[in-house]
Amino acid sequence: MMRLIRILLRPFSKFFEFHARTHYRAERHSMALTIGIIIAAGVGGFVEIAPLFTIDETVEADPHMRVYTPLEQAGRDIYIREGCYACHSQMIRTLRDEVERYGPYSLAVESKYDHPMLWGSKRTGPDLARLGDKYSDDWQVRHLVNPRDLVPESVMPQYAFLLDRRLETDSLPGRLAALRAVGVPYTDEMIASASADAAGQANPLTSAADGVTERYGDATAVRTFDGRPDRVTEMDALVAYLQILGKLTDLPAQIQPVAEE
Amino acid sequence: MAVRKRDPLTGHETTGHEWDGITELNTRVPRSIWFFVFVTHLWALILWFLLPTWPLITTYTKGILGIDQRDEVQESIVVANAARADWTDRVDALPVADILGDGELMARVTNTAHQLFGDNCAGCHGTAATGGPGFPSLADDDWLWGGDPDTMMETLRVGVNAGHPDTRVSQMLAFGRDGILGREEIRTVVDYVRSLSGAAIPAERAAAGAEIYAANCASCHGEDGRGSTELGAPNLTDDIWIYGGDAASLFTTVHDGRQGWMPTWEGRLTETERKILTVYLQDIQRKATQ
């Protein structure tokens with residue numbers, strides 16, 4: 001066997017010798033070695049990451065994919081702030097057990113407007129990629145207030161304070177503008193009325209609610225998510241976000257219809 | 001190599017580094033390492049041709065085997081469903097009563113249903129299906145929409161107050177908040193409702209309550225308070241309360257109204273899975289009420 005290897009490698013002996021000699025020299029110069037390591041590691045990154053931007057089929061095309069409303073985006077920021085991603089993933093892998101438990105596997109297009117993405121790989125709690133409309137707003141609120149009221153064996157922390165914190169909406173135009181800078185197609189109108197839209201989506205009784213459906217589509221959920229119409233809380237935002245998870249596009253369900261047995 | 005010094009004891013070359021007279025051996029890389037380097041490189045080379053590997057500018061090499069994870073998972077689901085077909089076909093074909101009577105089939109149904117229930121239903125109805133505040137128990141024979149298998153299948157399919165076009169719809173009005181009844185009227189009718197399930201109240205209060213009840217509540221809950229599975233109106237004459245049967249809870253219910261919510265399962269669970277759950281719940285109910 002070793003003989004065979006030696007014969008096969010013989011044509012490359014010059015190369016190996018050159019490689020060994022260069023390496024021997026580089027090892028004696030720390031800067032040269034550092035630059036060499038960066039180049040070697042960079043090759044992997046360049047070959048694996050760079051082509052994803054030029055290969056069209058990386059992200060599925062879906063003209064109906066909708067952007068997050070300001071309220072949902074605010075909820076997403078709260079989700080990140082509270083570290084929900086540390087225990088919950090948002091990506092259903094292409095594995096049978098995942099698909100049977102959570103539903104159609106996640107598509108790249110679903111996180112097209114996620115900056116940053118929250119796919120995650122750590123699941124202390126379940127995956128949340130298809131959570132939207134699985135439970136009622138009331139359930140979500142009660143569960144966030146004290147998870148053990150509804151799921152006795154849960155180890156999730158309590159987030160009751162979200163009910164008492166007024167949602168800060170003044171910075172939303174800026175946040176949407178920042179997202180537009182990285183490719184989320186928010187219009188000038190959406191950015192200008194972001195604060196009003198956030199308040200309107202959580203309060204269907206006000207005229208601001210009409211602007212939300214006008215700009216983000218009639219299917220947008222306009223409700224008092226936290227059950228308290230008098231104010232817009234962080235609970236409103238987080239529940240609005242949880243209820244849209246997996247519902248920005250119905251492409252996954254089209255590609256993978258529920259497998260009839 | 002530039003350095004040709006040899007260690008006198010081992011005969012190996014040294015690196016030329018020296019610390020206080022101690023030199024470092026420049027031993028050869030062990031053969032086993034070279035062997036694994038060779039094998040792994042060879043393996044990688046073979047896989048370049050078999051699997052999708054190299055990115056090109058607008059596409060990538062697809063590989064001879066044509067492997068695609070998405071096709072694989074779809075295929076594995078089809079295979080797994082085929083492997084289960086020996087009993088799921090019988091679940092599809094047999095009436096629920098026959099499945100309940102078939103011990104061997106029930107063992108498989110229960111096994112699968114336990115997981116389906118845990119993933120999808122237990123969040124609200126609890127792992128033992130006994131419900132909780134705001135969520136009805138499924139382990140008794142008191143049903144809002146009817147507890148026969150066909151009705152349960154339909155409820156699972158369309159949900160309650162859900163997004164499905166055929167969804168079941170029901171709502172308890174906010175009699176107090178919307179100004180239909182005053183506080184004293186609500187207190188009176190609450191007392192009357194409590195008397196339906198056996199609480200003792202003075203006769204004239206019962207008469208006054210009955211009048212308010214007949215005018216406001218009877219259209220859904222029925223003249224006798226037994227509710228209606230047509231409208232999803234609960235029975236008020238028994239001891240089973242979703243939101244609490246004490247005077248304070250009932251006052252809140254009548255004053256602010258209630259509206260339950262159950263999702264449609266049509267897009268999430270297959271018809272077979274919904275039937276498995278129906279059988280499971282029938283079984284739980286049968287055992288609990290025996």
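Here is a walk through chain B, its two domains, and the place where chain A touches chain B. Keep in mind that this is a predicted model.

Let's start with chain B and its building blocks. Chain B has eleven helices and two strands. If you follow the sequence along, the pattern reads β-β-α-α-α-α-α-α-α-α-α-α-α. Now look at how chain B fills space: its radius of gyration is 35 Å, well over the 19 Å that the globule rule gives for 290 residues, so chain B is more spread out than a compact globule. Its C-alpha atoms fill a box of roughly 115 × 55 × 45 Å along the principal axes. Of the 290 residues in this chain, 21% count as buried. As for contacts in chain B with a separation of 6 or more, 54% come from residues 24 or more positions apart.

Next, the domains. Chain B splits into domain 1, made of 69–167 + 262–289, and domain 2, which covers 183–256. Taken over C-alpha atoms, the centres of these two domains of chain B are 32 Å apart. The two do touch: ten residues of domain 1 of chain B are in contact with nine residues of domain 2 of chain B. On the domain 1 side, those residues are six nonpolar, two polar and two charged.

Finally, let's see where the chains meet. Chain A brings 29 residues to the contact and chain B brings 31 residues. On the chain A side, helix 1 (2–9), helix 5 (96–102) and helix 6 (137–145) each give two or more residues. Helix 5 of chain A supplies the largest share, three residues. Sorted by type, the chain A side has 16 nonpolar, five polar and eight charged residues.

Definitions and conventions: Residues numbered from 1 in each chain as written. Chains lettered and ligands numbered in written order. Predicted model: local features only at pLDDT ≥ 70, side-chain atom pairs only at ≥ 80, totals over all residues. Contact = placed C-beta atoms within 7 Å. Helix = DSSP H or I, 4+ residues; strand = E, 2+ residues; numbered from the N terminus. Nonpolar A, V, L, I, M, F, W, Y, C, P; charged D, E, K, R; others polar. Domains from an automatic or database assignment. Rg over C-alpha atoms; globule rule 2.2 N^0.38 Å. Buried ≥ 20, exposed ≤ 12 C-beta atoms within 10 Å, placed from the backbone.
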